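Biologist: I have a model open and want to learn how to read it. Can you take me through it feature by feature?

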Amino acid sequence: MTRAALRAADPVPGPPAARARRRRSDAWPLVLPALLPVALFSVYPLVQGLYLGFTDARAGRGVVTSFTGFDNLTRLLSDELFWSSFRIGIIWAFSVTVLQFAAGMGLALLLNEDLRLRWLARTLALVPWAMPPVIIAIMWRLLLNPNHGPLPGGVNWLGEFSTALPAVIVIGVWAGMPQTTITLLAGLQTIDGALHEAAAVDGAGPWRRFWHVTLPGLRPVIVAITTLDLIWNLNSFALVYVLTAGGPGGQTMLPMLFAYNAAFRYGEFGYASAMGGVMVVLVVGFLLFYLRAQLRRMP
């Protein structure tokens, strides 16, 4: 095809910079219908919540709200209950994320093998992912019921100080493992099998092939899924709320549960919004870490 024919086929005449600007301007009418709901239902509530964190907003009709600056943040930093919930939230988030990754990696490696009924195993691995957190919590409450549950011993796993948090962590791992497994399984299928064959010919055993071939090939996937899992686990609410509501004695009181109680049990919307702002800063920090790790791998 001649250069004249190419110019005739180009729907946007002019130099390349002008064509690029024209295409961007033509794309806005297509993008706006998707951006408006995001701005209305995500960006605006986020900005409004951050603003409330600098006020003394309280529940009630006709209550006057005034700007208080950093008073809520100062109170938050001196609140021992908040720091206790923050410590529990960090233990919960990191424990669930690490265990999810370890269990998900093992299951992904198993499902990547050429086994009989592999399609059925892959389907069953998605079952916890398809269940709402509330249903998962109710199911596990019934399983761990010390009087009527199927487990022997009569141990009140969700009601004892020493077992409540470990039990909730195990349930969180079970509920969140499928997306980690499927993501890692997709990453495993992108690794060229010839690399494993070459390593095996060179005398590398299964462990060395996993360490030197599989893990380097999965590095972008591992960074992405562990970062997202950590963010999701830091913002967990529904599962733990239905399981224990933060009890017993605050042993499973995650930061989101603490903020919920402050807002809807005690009516301190401004104080609860300040807690939400702190969590937003943490999430943004993890996102920046993720983006920095991704940009370093770009050529």
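**Reading the model**

Modeller: Let us start with one residue. M139 sits in helix α7, which spans residues 133–143. Keep in mind that this is a predicted model.

Biologist: Is M139 buried, partly exposed or exposed?

Modeller: Relative accessibility decides that. Buried means under 20%, and exposed means over 50%. M139 comes out at 27%, so M139 counts as partly exposed.

Biologist: Which residues does M139 touch, leaving out those up to four places away in sequence?

Modeller: M131 and W174. Also compare sequence with space. M139 and L243 are 104 residues apart in sequence, yet their C-alpha atoms are 9.5 Å apart.

Biologist: How far should I trust the model? What is the average pLDDT of the protein?

Modeller: pLDDT is the predictor's confidence in each residue, from 0 to 100. Here the average is 84, and 91% of the residues score at least 70. Confidence is lowest in helix α1, residues 3–9, with a mean of 44. Helix α11 has the highest, at 93. Over residues 1–10 the pLDDT is below 50. That stretch has three contacts in the model beyond near neighbours in sequence.

Biologist: Now the interior. Which residues touch the most other members of the largest nonpolar core?

Modeller: A core is a set of buried nonpolar residues joined through side-chain atoms. The largest one here has 36 residues, and W92, L158, I171, L239, L243 and M275 touch the most other members. Elements giving two or more residues to this core include α4 (80–111), α10 (206–234) and α13 (269–297). Helix α8 supplies the largest share, seven residues.

Biologist: Take L239. What is it in contact with, leaving aside neighbours within four places in sequence?

Modeller: L239 is in contact with W92, P133, I136, A137, I171, G172 and A175. There is also a second, separate core of 16 residues, with L185, I191, A204 and L218 among them.

Biologist: And charged pairs? How many salt bridges are there?

Modeller: Look for a side-chain nitrogen of Lys or Arg within 4 Å of a carboxyl oxygen of Asp or Glu. By this rule there are two salt bridges. In one, E268 meets R58 at 3.5 Å, N to O. E268 lies in the loop between α12 and α13, and R58 in the loop between α2 and α3, so the pair ties together parts 210 residues apart in sequence.

Biologist: What about E268 and R75?

Modeller: Their side chains meet in a salt bridge too, at 3.1 Å, N to O. R75 is in helix α3, so this pair ties together parts 193 residues apart in sequence. Shared partners join R58, R75 and E268 into one network.

Biologist: How accessible are these partners?

Modeller: E268 counts as buried, at 17%. R58 is partly exposed at 43%. R75 is partly exposed at 38%.

Biologist: Where is S273, and what does S273 touch?

Modeller: S273 is in helix α13. Its relative accessibility is 16%, so S273 counts as buried. Not counting residues up to four places away in sequence, S273 touches G49, L52 and G53.

Biologist: Last, the surface. Which residues form a nonpolar patch there?

Modeller: Y51, F54, F67, F70, L73, L77 and W83 do, with about 740 Å² of accessible area together. One of them, F70, lies in the loop between α2 (16–52) and α3 (71–77). F70 is exposed, because its relative accessible area is 56%.

Conventions. Residues are numbered from 1 along each chain as its sequence is written. This is a predicted model: local features need pLDDT of at least 70, side-chain atom pairs count only at pLDDT 80 or more; totals for chains, interfaces and linings use all residues. Side-chain values use heavy atoms; hydrogens and water are left out. Helices (H or I, at least four residues) and strands (E, at least two) are DSSP runs, numbered from the N terminus. Buried means under 20% relative accessible area, exposed over 50%, partly exposed in between (1.4 Å probe, protein chains only). Contact means heavy atoms within 4.5 Å. Patches are made of residues with over 30% relative accessible area and no salt bridge: like charges are joined within 9 Å, nonpolar side chains (Val, Leu, Ile, Met, Phe, Trp, Tyr) within 5 Å. Accessible areas come from the Shrake-Rupley method with a 1.4 Å probe; for residues, only the protein chains shown count as cover. A nonpolar core is a set of buried Ala, Val, Leu, Ile, Met, Phe, Trp, Tyr and Cys residues joined through side-chain atoms within 4.5 Å.
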